[in-house]
Amino acid sequence: MGKLSLRQILILGVGLGIMLPALVLGRFLLKDRYEREVDLRVRVPMSQYADMLSRAMAVPVWNVDKEVANQFVQAVMRNPEVVSVTVEDESKNRFVHSEKDDQRGGEVLREDRQIFLDNKVIGMVTVELTTARIERDLFLDFLKLAGALLAQVVISFVLILLLFERRIVRPLHELQMATARLARGQLDQALQWHRKDEIGSLAQGLDRMREELGGLISDRDIRNAALQQELNERLRAEQALRFTEEKFTAIFHSSPVAMTVARKENDFAVIDVNDAWVRQFGWPREEILNNKSAQHLLWRKPEDQEEVLKIAERDHEIHGYEAWLRCGSQDKSLLCEISGKMISLGSESLLILVQEDITEKRHNEQEILSLNTSLERRVSERTQALEVANTELTIVLENLQRAQRELLRTEKMAALGSLVAGIAHELNTPIGTSVTVTSTLQQHTDDIILEMSQGLRRSQLETYFQNTRTGTDILMRNLSKASELVTSFKQVAVDQTSANRRVFALDEMVAEIVLTMSPTIRKTRHDVESNVPPKLVLDSYPGPLGQVLTNLINNAFIHGFDGDYRGKVTISGRNAGEDLVEITISDDGKGIPEQNLGRIFDPFFTTKLGQGGSGLGLNIVYNLVTGVLGGNIVVDSEPGKGARFTITLPQVASQGRRRSSDLL
């Protein structure tokens, strides 16, 4: 074997320097990672599972509920590291057991926990976990680490070769080429080397030698170049001056604004005007230039010319001065806005003035000002007319609101009057029956008294007692019915007239409403059914709520059922959660057309005008539900499938709600 080159020795040393530390440290790192993975994935979960199962198994073991216990065990068995879970009772008998025989491998760790119930040991939980998956994962990681280390060594070899090539071989080659250029006399290309090493010092020495050789040659070239540069600068200055003059002349004559140029040293005589000035004023250029009398004639007021020249000479500029100027020989003047500036060109001072024609602009401004004045006057007149109209509309609106409140009160009293008539009719039957029974009992009493004076038999006395018992039973039933009607009527009447707030059971309140409406219901072919559960208590206003239910039932009778159809109205209620109660009033009638669903709560909207509908029933319902009761109401309906009104109310009405009497 021959001697190793410097490049080979360097590469071999670097490779060993990378491989040996990596192999030594890799073993300790893998072992440390194995311990951490075992703690994280086996020991900690195993302890947690044992603690959890020891607490969760107390009740199933005590109740001998293997199904529940097995559910807990299967939940733990989902962890792939878990090998087996065993639950034993206090007699060491196996209560529940689950095991994965195919996953036993590696190191199997075990954790035991006692099961306590009321500080008494009733069983034992055993959890076993394996480290097989961890060992398999670490083995795969070891293979990946080895592959990465091998790739690192290969990449390091390649990088070292590139570094050796770039830092040693290539710099030497560049120095060789630079030396060859110096030998050929090529001194214009500098030899640059930024690294401060031995090769860099050599390169700097070669470059200093190149500079010293080039300095002697460049002195001569610099002197020749300076002379040539001075000549070129003069030529460029002359060309720039000609170009500037041509550009200024082109801009001056192409400007759309009238411009003049005057020389201060010649008493501000006009020496040039542009084409826009000639078009605007109609003066020929040769007539106005260097003609002092024509220039004075241009100004309609000589004092304006004097003032413009005075301001320009004093401030070296002028802005926005307005003056009237004549247009040539025509009897016409233009109002112009004059602006300008004094400039210096060499030894001359020139005044450049711009005369912008603003005659039409001022005329338009005057017209706009006149129009604004007229417009302000018309706006003021319209405003006054609108204020009068608003006042009239306010009066009409107040009258309408007053009429609506009166109609609502009339509707309420009419409903109460109908209720009184129905109750009176209902009371007529039990009271009449009671009067008849009372008169019969009085007659029997008179007869028995007469019999006692003539000699009373036992059979006659027994017959009298039987008739008396029968009569008193009839009296009690009829008087109880009358009392029930009167009590319900009193409660409903008090609620609907006073709108007092109280705590009430919803089912009892609905039953009272249905009972007081029974005369009206019996006059129809329809039925009213209540499905409100008991113990549904509200702290609210039963009067307005009763009026809502009454109006909705009457609305179903009038609008929901046609002809001889026998309909049914169902009132149901339920607890809607979050201290809310939901009341549903549904019928099986003809339903509401879709085009009317958005208007049924509007005041005076009805499809039965003159046929039993006032157009206020559902409006009263909406105002009471959303106002006094503090809830909301929605309606759902399909033609032919009836209508359903859903009312959502708070179980405890807000204290800030207005009384219903304020709304009606």
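Two residues are in contact when they have heavy atoms within 4.5 Å of each other. With that in hand, here are legends for some close-up views of this predicted model.

**Figure 1. The protein chain as a whole, before we zoom in.** Of the contacts that join residues at least 6 apart in sequence, 61% are between residues at least 24 apart. The chain has 664 residues, and 35% of them are buried. Its secondary structure amounts to 16 helices and 16 strands. Searching the whole structure turns up four cavities of 30 Å³ or more. The views below pick out a few of these features.

**Figure 2. Helix H9, with a buried face and an exposed side.** H9 covers residues 302-315, which makes 14 residues. From first C-alpha to last the helix reaches 20 Å, close to the 20 Å expected at 1.5 Å a residue. Which residues of H9 are buried? They are Asp-304, Gln-305, Val-308, Leu-309, Ile-311 and Ala-312. Looking down the helix axis, you will find the buried residues within an arc of 160°, so they line one face of H9. A handy reminder: an α-helix makes a turn every 3.6 residues, so residues three or four places apart point the same way. On the other side of H9, look for Glu-306, Lys-310 and Arg-314, which are exposed. The cover over the buried residues of H9 includes helix H8 (292-298) and the strands E7 (317-326), E8 (333-345) and E9 (348-357).

**Figure 3. His-316, just after H9.** This residue follows H9 and sits in the loop between H9 and E7. Its phi is near 65°, a positive value in a residue other than glycine. Is His-316 buried or exposed? With a relative accessible area of 45%, His-316 is partly exposed, because that class runs between the 20% limit for buried and the 50% limit for exposed.

**Figure 4. Asp-118, in the loop between two strands.** Strand E3 (108-116) lies on one side of this loop in sequence and strand E4 (121-130) on the other. Asp-118 is not a glycine, yet its phi is positive, about 55°. At 72% relative accessibility, Asp-118 counts as exposed.

**Figure 5. The largest cavity and its lining.** The volume of this cavity is about 160 Å³. How many residues line the largest cavity? There are 15, and those nearest the centre are Thr-260, Val-270, Trp-299, Gln-305 and Leu-353. Gln-305 may be familiar from Figure 2, as one of the buried residues of H9. At least two lining residues come from each of strand E5 (258-263), strand E6 (269-273), H8, H9 and E9. E9 gives the most, with three residues. By type, the lining holds eleven nonpolar and four polar residues, with no charged ones.

**Figure 6. The second largest pocket, lined mainly from helix H5 and strand E8.** The elements that give two or more residues to this lining are H5 (198-254) and E8. The space in the pocket comes to about 340 Å³. Twelve residues line the pocket, and Thr-244, Glu-245, Phe-248, Thr-249 and Leu-345 lie nearest its centre. Which element has the largest share of the lining? That is H5, with seven residues. The lining is made up of seven nonpolar, three polar and two charged residues.

**Figure 7. Arg-362 and the residues it touches.** Arg-362 belongs to helix H10, which runs over residues 359-454. Leaving aside residues up to four places away in sequence, Arg-362 touches Glu-322 and Leu-335. Leu-335 is 27 residues from Arg-362 along the chain, and their C-alpha atoms are separated by 8.5 Å. At 22% relative accessibility, Arg-362 counts as partly exposed, because the class of buried residues stops under 20%.

**Figure 8. Helix H15, a mostly covered helix.** Nine of the twelve residues of H15 are buried. Among them are Gly-617, Leu-618, Asn-619, Ile-620 and Val-621. Further along, Leu-624, Val-625, Gly-627 and Val-628 are buried too. H15 takes in residues 617-628, and its end C-alpha atoms are 16 Å apart, which agrees with the 16 Å that twelve residues should span at 1.5 Å a residue. After the helix comes Gly-630, whose phi is positive, near 70°.

Notes: Residues are numbered from 1 along each chain as its sequence is written. This is a predicted model: local features need pLDDT of at least 70, side-chain atom pairs count only at pLDDT 80 or more; totals for chains, interfaces and linings use all residues. Side-chain values use heavy atoms; hydrogens and water are left out. Helices (H or I, at least four residues) and strands (E, at least two) are DSSP runs, numbered from the N terminus. The expected span of a helix is 1.5 Å times one less than its number of residues. Buried means under 20% relative accessible area, exposed over 50%, partly exposed in between (1.4 Å probe, protein chains only). The arc is that of the directions from the helix axis to the C-beta atoms. On a 1 Å grid over the protein atoms alone, a cavity is a set of points where a 1.4 Å probe fits but cannot get out, and a pocket is an open set with protein on both sides within 12 Å along at least five of seven lines; lining residues have an atom within 4 Å of a point. Grid points are joined across faces, edges and corners, and a volume is the space filled by probe spheres set on the points. Ala, Val, Leu, Ile, Met, Phe, Trp, Tyr, Cys and Pro count as nonpolar, Asp, Glu, Lys and Arg as charged, and the others, Gly among them, as polar.
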